[in-house]
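Biologist: I'm new to this one, so please pick a single part and take me through it closely. Start with the open spaces, and then follow whatever leads on from there.

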Amino acid sequence: MFTPSPLRFLRRLGCAALAAAGVLHATADAQIQPRYFGTGSRYQQQGGAISRNSTATPSGGLVLSAGSSLRRIYIRFLADTGRNVTGYDLWMRSNIGSTVLRASLWSATSGDAPGTELATGHLGLMTRFEWHRASFQQRHRISGAQLYFLAFDLPAGTAVEMGRSSSGGAASVAYFTSRTGAVNFAPLMYKVNADGEIPEITTQTAFRGQWAPLTCSGLQPNAYSILFLGLSDTVGLGGALPQLMGPPFVRGALQWISYEGLAWPVLADASGVARTALGYSANAPEGFRFFAQWVAETAPGSNHFVASNAADVVIN
């Protein structure tokens, strides 16, 4: 059994203890309930389920700018078979520093233009050309022989550079810089990802003098995991932005909260769920806010890690 170390920020919380079992259900009326935000990092996906020029060597790039207002970039693809799409990879780089963008999956209209948003998530970008991964919060089943769009949002004043494939034998890919605008073509590189797992945090409303569970589902059986608690959700260099986590974290892993300390290391059970609990002192300050996020191995002993989404918890 693991023994948690004393934590400065947990003393501020007034937490009585940490335990791996024995959850007391809160019977008081719910007040401020937990809020979930961010997207966990997908792993064990079938990468490149649908791809264009995924093995080619880039030669230059296509710079796309947002201008004075937010601009959504749509990249069209034709589904080869029915699949559960959970994200995508784009060969690109950021021209504005490391950043995290909103990502989405869209249907196509009868005129082959962007139609309806189907799934949402996040895309983390670095400043060098490489595969950058978007992970969706939910799976969406696409149909074979139908057109769809990979999309990401460029905030005002930002720009990205899309990697082009080598000129020899390259097929042009249709893309739009406006949902109702004209179609453009360029030999871009992308992959559509299917299936896989995503860690997801859950908890209950926090009440003084009671216990609340914190769990993480979507893990591999018996995988090692760690629950982190923090006092802030503004950890990025750009202000209220998450931070991209590099190796040994899998592509697309994001740190959504500050990490003031280690709360509890837990082994996932046979169903791939990690469980622990927080006990809140009766003297805990009402209205105190803290944040929680799980990190876990992709498989027991793998030395590769994924991160969950995050929870915003307020003590009632």
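Modeller: First, a word we'll need: a pocket is an open set of points on a 1 Å grid over the protein atoms alone, with protein on both sides within 12 Å along at least five of seven lines, and a residue lines it if one of its atoms is within 4 Å of a point. Keep in mind, too, that this is a predicted model.

With that settled, let's go to the largest pocket, which has a volume of about 280 Å³. Its lining is made of 17 residues, and those nearest the centre are M126, E130, M245, G246 and R251. By class, nine of the lining residues are nonpolar, four are polar and four are charged. Strand β9 provides the largest share of this lining, with four residues.

β9 is a good thread to follow, and it takes us to a closed space next. A search of the whole structure turns up one cavity of 30 Å³ or more. The space inside the largest cavity comes to about 40 Å³. Around it you'll find T39, G40, H122, L123, G124, R133, S135, G252 and L254. Six of those lining residues are polar, two are nonpolar and one is charged. Both β8 (114-125) and β9 (130-142) supply at least two residues each, and β8 gives the most, with three. So how do you spot spaces like these at all? Rolling a probe the size of a water molecule over the atoms shows where empty space is left.

Now follow β9 sideways to its neighbour β6. These two strands pair in the antiparallel sense over nine bridges, and one of the matches puts Y88 opposite A134 in β9. β6 has other partners as well. Five bridges link it, again antiparallel, to strand β14 (residues 190-194), where K191 is the bridge partner of D89. Three more bridges join β6 to strand β11 (residues 159-163), also antiparallel, and there S94 faces V160.

β6 is mostly covered, as 10 of its 12 residues are buried. Take V85, which sits in this strand (residues 83-94). V85 counts as buried because its relative accessible area is 0%, and the cut-off for buried is under 20%. Setting aside residues up to four places away in sequence, V85 touches L105, F136, Q138, R139, H140, I142, V192, N193 and A194. The chain also brings V85 and R141 to 6.2 Å from each other, C-alpha to C-alpha, although 56 residues separate them in sequence.

From here we can step into the nonpolar interior. The largest nonpolar core holds 35 residues, and I75, F77, Y88, L90, F152 and M162 have the most contacts inside it. Y88 is the residue we just met as the bridge partner of A134. As for F77, if you leave out neighbours within four places in sequence, it is in contact with I50, L105, I142, Q146, L147, Y148, F149, L150, Y190 and V192. Apart from the largest core lies another one, of 24 residues, with A212, L227, A284 and A311 among them.

One last stop, at a different pair of strands. Six bridges join strand β17 (residues 224-230) to β20, and the two run antiparallel. In that pairing Y224 has L267 in β20 as its bridge partner. Strand β20 (residues 261-267) is mostly covered as well, with five of its seven residues buried.

Technical notes. Residues numbered from 1 in each chain as written. Predicted model: local features only at pLDDT ≥ 70, side-chain atom pairs only at ≥ 80, totals over all residues. Heavy atoms only, no water. Buried < 20%, exposed > 50% of the residue type's maximum accessible area, 1.4 Å probe, protein only. Pairing = 2+ DSSP bridges. Core = buried A, V, L, I, M, F, W, Y, C linked by side-chain atoms within 4.5 Å. Contact = heavy atoms within 4.5 Å. 1 Å grid on protein atoms, 1.4 Å probe; cavity = no way out; pocket = protein on both sides within 12 Å on 5 of 7 lines; lining within 4 Å. Points joined across faces, edges and corners; volume = space filled by probe spheres on them. Nonpolar A, V, L, I, M, F, W, Y, C, P; charged D, E, K, R; others polar.
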